[in-house]
Amino acid sequence: MNKTSSSWRLTYTGVALDRAAAVRSVAADVKALHTCDLARVLPVWNGNHLFEPNGVGAKAISVADVSTLSAATGDLIFLGLSDTTPWFALAIHAEEEPGDAQLAGVFEPLHPRVGSLDADQAAMLAYARGMVLWHANHLHCGRCGAPTESREGGHVRTCTNEDCGYRAFPRTDAAVITLVEHPDGKHCLLGRQSRWPDGMYSVVAGFVEPGESLEECVIREVKEETGIVVTDVQYQASQPWPFPSSLMLGFTAKASTTEFKPDDDELDDIRWVSRDELNDYGETSDDTPGPKLPNRHSIARMLIDTWRAEH
Ligand SMILES: [Zn+2]
């Protein structure tokens, strides 16, 4: 199955920036970039991103405009360089009301709007979002509880308690997502959770636990959620998923059993679906009733469409 997956550019991948780690480790260099006339800033507020007023296309602001957004903005987070243009993310405190009118833009959630973005914009916003959400969740030291401060352009948070000095680095949570093929090679395994959009079915996913390899996690998650035993676990591709902080690691696997006996009640419905039956599945954006496929911008959809196209 790996032969076709490499031809996809998954949404939120391919950030077109030099992350310039050597620059961000020097405080004076990062500060100098703040005053660069070219510098562009991507604001994030309450998990929402700044879009053009018509909601189409992301909107970046200048460093000079940061102060018009709010009086108590957080630290700028250095994302990297695009040629000579420095790019930053800006965390606006949740309790503030940024002045949309002054900015001639609107704050909107990313994923529902991703279809209006080109691939480079989507990747930039996902990167900015992942960094901002990580900062928001690491304001205090996980070791001693003292406040932390942003350092190295926002790529480290350091504990302010001198006796502790713990340094926390941006993290992503590894999650596996797996397309399971029936032993007959003609059906794949789909399930649905009650909290998903009406009618949506997807492949099995779950978080990697400590002391577990990715392949072991695939086998465990499929077994827990469906009762199906799988072998031949094969890595396919990965996708940043900053909602809030995951990295989705996509796999395929072969089922060696077919009867559903879930250990947990995570899935409301589980089914084997043939390639022909998949043709009757709609899009999550459709208002029509009936089963639907995951969003076209997800790795779940890539795994399903790649498998569907195989024969
Ligand atoms: Zn500490």
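A residue counts as buried when its relative accessible area is under 20%, and Cys-164, at 18%, therefore falls in that class. That residue is a good way into this predicted model, since Cys-164 is one of the ligands of a zinc ion. The points below take in the metal site, the cysteines, a strand residue, some backbone angles and a pocket.

**The zinc site**

- Four cysteine sulfurs hold the zinc ion: the SG atoms of Cys-141, Cys-144, Cys-159 and Cys-164, at 2.3 to 2.4 Å.
- The site is tetrahedral, with angles among the four donor atoms running from 97 to 114 degrees.
- For reference, the ideal angle for four tetrahedral donors is 109.5 degrees.
- Along the chain, the donors follow the spacing C-x2-C-x14-C-x4-C.
- Cys-144 sits in the loop between α6 (119–136) and β7 (148–151), while Cys-159 belongs to strand β8 (residues 156–159), so this pair ties together parts that lie 15 residues apart in sequence.
- Is each of these two buried or partly exposed? Cys-144 is partly exposed, because its relative accessibility is 37%, whereas Cys-159 is buried, at 6%.

**Cysteines and disulfides**

- How many disulfides does a search of the whole structure find? The search returns zero.
- For Cys-217 the reason is distance: the closest cysteine sulfur, in Cys-188, is 19 Å away, which is too far for a bond.
- Cys-217 is also buried, with a relative accessibility of 0%.

**Ser-150 in strand β7**

- Ser-150 lies in strand β7, and the loop that carries Cys-144 runs between α6 and this strand.
- Ser-150 counts as buried, because its relative accessible area is 15%.
- Which residues does Ser-150 touch, once neighbours within four places in sequence are set aside? Its contacts are Asp-75, His-135, Val-156 and Arg-157.

**Backbone angles to check**

- Most residues other than glycine have a negative phi, and most peptide bonds are trans, so the next few cases may be handy to have on your list.
- Ala-20 has a positive phi, near 50 degrees, and is placed in the loop between α1 (2–5) and α2 (21–24).
- Asn-46 also has a positive phi, near 55 degrees, and is found in the loop between β1 (40–45) and β2 (48–51).
- Ala-20 is buried, as its relative accessible area is 10%, while Asn-46 is partly exposed at 46%.
- The peptide bond from Phe-243 to Pro-244 is cis, with omega near 10 degrees.
- Pro-244 has its place in the loop between β13 (230–241) and β14 (246–255).

**The largest pocket**

- The volume of the largest pocket is about 970 Å³.
- Its lining takes in 35 residues, and those closest to the centre are Arg-195, Trp-196, Met-200, Trp-241 and Met-248.
- Which elements give two or more residues to that lining? They are β10 (173–181), β12 (204–207), α7 (214–226), β13, β14 and α9 (299–308).
- Strand β12 gives the most, with four residues.
- Strands β13 and β14, which contribute to this lining, are also the elements on either side of the loop that holds Pro-244.

Technical notes. Residues are numbered from 1 along each chain as its sequence is written. This is a predicted model: local features need pLDDT of at least 70, side-chain atom pairs count only at pLDDT 80 or more; totals for chains, interfaces and linings use all residues. Side-chain values use heavy atoms; hydrogens and water are left out. Donors are N, O and S atoms within 2.8 Å of the metal (3.2 Å for Na, K and Ca); water is not among the atoms, so sites may look incomplete. Four donors count as tetrahedral if all angles lie between 85 and 135 degrees; four count as square planar and six as octahedral if opposite donors are over 155 degrees apart and all others between 65 and 115; anything else is irregular. Buried means under 20% relative accessible area, exposed over 50%, partly exposed in between (1.4 Å probe, protein chains only). Contact means heavy atoms within 4.5 Å. A disulfide is a pair of cysteine sulfur atoms within 2.5 Å. On a 1 Å grid over the protein atoms alone, a cavity is a set of points where a 1.4 Å probe fits but cannot get out, and a pocket is an open set with protein on both sides within 12 Å along at least five of seven lines; lining residues have an atom within 4 Å of a point. Grid points are joined across faces, edges and corners, and a volume is the space filled by probe spheres set on the points.
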